[in-house]
Amino acid sequence: MKSAKELDEIAAKLRKNSYTPKERMAIPLQEMPVQAPEVRIHNMDEVALGFSENQAIVEASRCLGCKNHPCVEGCPVRIDIPGFVSHVASGDMKGAYSVISQSSLLPAICGRVCPQENQCQKFCTVGKMHKDIEQSVGIGRLERYVADAMSAQGYEIIPEVAAATGKKVAVVGSGPASIAAAADLRKAGHEVFMFEALHKGGGVLVYGIPEFRLPKKIVASEIGKLEKMGVHIQTNFLVGRTMTLDALMKEEGFDAVFVGSGAGLPKLLGVPGENLVGVFSANEYLTRSNLMHSYDPDHALTPAIKSEKVAVFGGGNVAMDAARTALRLGASEVTIVYRRSENELPARHEEVGHAKEEGVHFLFLHAPVEVQGDDKGRVTGVVLQTCVLGEPDASGRRSPVPVEGSEKFYQFDTVIAAIGNGSNPLIKMTTPQIETNRRGNFIVNEETLETSIPGVFAGGDIVLGAATVILAMGQGRQAAKAMNEYLSGK
Ligand code: FAD
Ligand code: SF4
Ligand code: SF4
């Protein structure tokens with residue numbers, strides 16, 4: 001990494017914009033400073049510390065400003081990437097923020113959690129020319145820098161709200177799909193009421209993704225922006241129990257509804273013994289830590305979870321989050337058990353790297369057969385079976401094939417299942433007219449995202465199945481556009 005003085009010199013030259021494309025290609029990729037692994041496993045603070053201003057300017061100056069800007073095609077909300085990056089390169093962070101804000105409402109969040117290596121950065125010319133995707137311009141890191149720099153200066157853009165239309169809209173849920181929909185609906189002048197089942201708004205951004213990847217104050221500030229725009233937020237309101245969707249429309253007079261209820265129903269291991277004490281779904285485990293503060297025994301809203309040896313089943317980002325949370329909650333040994341090999345791990349490369357640095361063990365090609373417990377009903381361990389890789393399955397990854405007779409007992413006192421989430425059936429159960437597919441996801445018109453009930457639209461994980469923050473946000477905006485047309489009688 002370059003010293004601060006060297007970065008100063010490079011940044012000063014770059015501000016004058018005097019680099020040729022060849023020289024730009026030679027500018028070194030800026031690494032993100034992080035907390036040291038041995039320090040960070042003892043705290044919940046964010047792992048990645050963010051660029052300095054000079055690092056941001058140097059990183060932005062690696063961008064070639066390609067005319068055909070392939071990176072933009074890789075961004076689900078089509079941020080003008082060369083546009084904002086060129087502002088960063090010249091040190092104009094407000095200009096950069098203004099460009100990003102035209103397409104994205106959540107840059108501080110997406111800059112942190114977007115799987116950029118599969119989206120914008122995957123298509124970056126710089127990465128392609130280096131024949132190494134990791135050498136792509138750090139678009140997400142720059143987006144995060146811009147959002148953080150603006151917030152540090154107390155600068156925020158609260159979108160203007162048009163004159164009142166007299167229409168009343170309900171938004172179910174408060175995750176990224178609902179945040180995006182609520183903002184765009186409110187901007188159009190409708191009265192917007194957001195109904196959230198939990199006691200805090202933000203969806204997975206608050207209850208799922210841990211503080212050490214996404215500080216909760218950032219999510220709170222986004223929810224705060226909605227409130228400043230005049231969106232009414234009602235927490236502890238479970239649509240389907242507190243009031244049904246039908247009642248919202250027929251009795252409460254809502255003219256349209258957006259459902260962004262997500263995919264919060266955890267899949268279970270499906271093996272004997274999974275009701276034993278000490279077996280958690282990753283959702284429950286992470287919610288207890290993130291939302292109920294079980295990492296802080298003095299302020300925990302539920303009893304703190306004490307574990308020594310933890311097994312986490314799964315290989316996605318949720319499994320990495322649960323394993324790294326378990327370390328921070330004081331476990332002495334955490335093992336991720338995955339049915340396939342390392343090559344098939346679906347989690348982000350960066351998250352796997354962080355988990356390894358922190359001392360998380362990986363046991364590949366093993367699957368659970370049975371969770372065993374003692375006479376008090378507490379977990380004592382798991383019987384695992386070895387697997388080999390067979391033919392590719394529907395996901396395109398080689399499928400795990402269990403090896404008969406390879407069963408072996410492994411000692412654990414806590415078991416966490418992070419093998420996927422389905423959609424919560426409550427709204428479907430209480431609104432049978434709503435059409436769903438066999439996975440319970442709402443079936444919608446691809447263009448308008450309207451469901452089988454006129455005036456009821458949906459987006460995010462409830463439509464896509466467990467997906468990503470930026471895709472959920474994109475669908476929230478897409479639905480809001482169609483809803484604005486629906487409400488204006490077009
Ligand atoms: P959600 O964020 O799930 O929000 C739905 C909200 O609706 C919840 O608050 C829920 O309480 C509420 N709700 C549900 N039913 C009702 C009801 N009947 N009445 C009222 N409210 C209701 N994506 C990334 O892009 N990057 C990541 O790094 C990443 N990491 C993840 C880590 C974890 C642990 C998890 C679980 C997911 C992760 N994801 C990640 C996926 C991403 O968070 C989701 O795709 C995204 O949050 C979906 O947004 P959403 O608005 O559709 O739903
Ligand atoms: Fe890339 Fe995500 Fe930002 Fe789009 S929102 S530019 S995909 S980091
Ligand atoms: Fe810049 Fe890469 Fe986009 Fe080209 S593809 S404009 S180099 S970020």
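What follows is a short chat about a predicted model.

Colleague: How is the protein chain split into domains?

Modeller: The assignment gives domain 1 (4-152), domain 2 (168-264 + 422-487) and domain 3 (268-419). Keep in mind that the model is predicted.

Colleague: How many residues of domain 1 are in contact with domain 2?

Modeller: 20 residues of domain 1, and they meet 22 residues of domain 2. The two bury about 1800 Å² between them, with 76% of it on carbon and sulfur atoms.

Colleague: Which residues in domain 1 lose the most area there?

Modeller: Leu105, Leu106 and Ile109. Together they make up 33% of what the domain 1 side buries.

Colleague: And how far apart are the C-alpha centres of domain 1 and domain 2?

Modeller: 30 Å.

Colleague: Switching to the open sheet of five strands. What order?

Modeller: 3-2-1-4-16, with parallel pairing. Strand 3 (232-234) and strand 16 (456-458) are the edges, each pairing on one side only. Neighbouring strands are turned by 20° against each other on average, direction ignored.

Colleague: Which helix packs on the sheet?

Modeller: Helix 11 (residues 176-187). It touches strand 1, strand 2 (191-195) and strand 4, and its direction makes about 165° with that of strand 2.

Colleague: How many bridges join strand 1 to strand 4?

Modeller: Four. One partnership is Val172 with Val259 in strand 4.

Colleague: Now ligand 2. Which residues come nearest?

Modeller: Cys75, Cys114, Gln119, Cys120 and Glu143, out of 13 around it.

Colleague: How does that shell around ligand 2 break down by class?

Modeller: Nine nonpolar, three polar and one charged. Helix 10 (residues 139-152) gives the most to the shell, with three residues.

Terms used. Residues are numbered from 1 along each chain as its sequence is written. Chains are lettered from A and ligands numbered from 1 in the order in which they are written. This is a predicted model: local features need pLDDT of at least 70, side-chain atom pairs count only at pLDDT 80 or more; totals for chains, interfaces and linings use all residues. Side-chain values use heavy atoms; hydrogens and water are left out. Two strands pair if DSSP finds at least two bridges between them. Helices (H or I, at least four residues) and strands (E, at least two) are DSSP runs, numbered from the N terminus. Axes are lines fitted to C-alpha atoms, for helices over the stretch in contact, and angles run from 0 to 180 degrees between N-to-C directions. Contact means heavy atoms within 4.5 Å. A residue is near a molecule or strand if one of its heavy atoms lies within 4 Å of it. Ala, Val, Leu, Ile, Met, Phe, Trp, Tyr, Cys and Pro count as nonpolar, Asp, Glu, Lys and Arg as charged, and the others, Gly among them, as polar. Domain bounds come from an automatic or database domain assignment. Buried area is the accessible area (1.4 Å probe) that two parts lose on being put together, summed over both.
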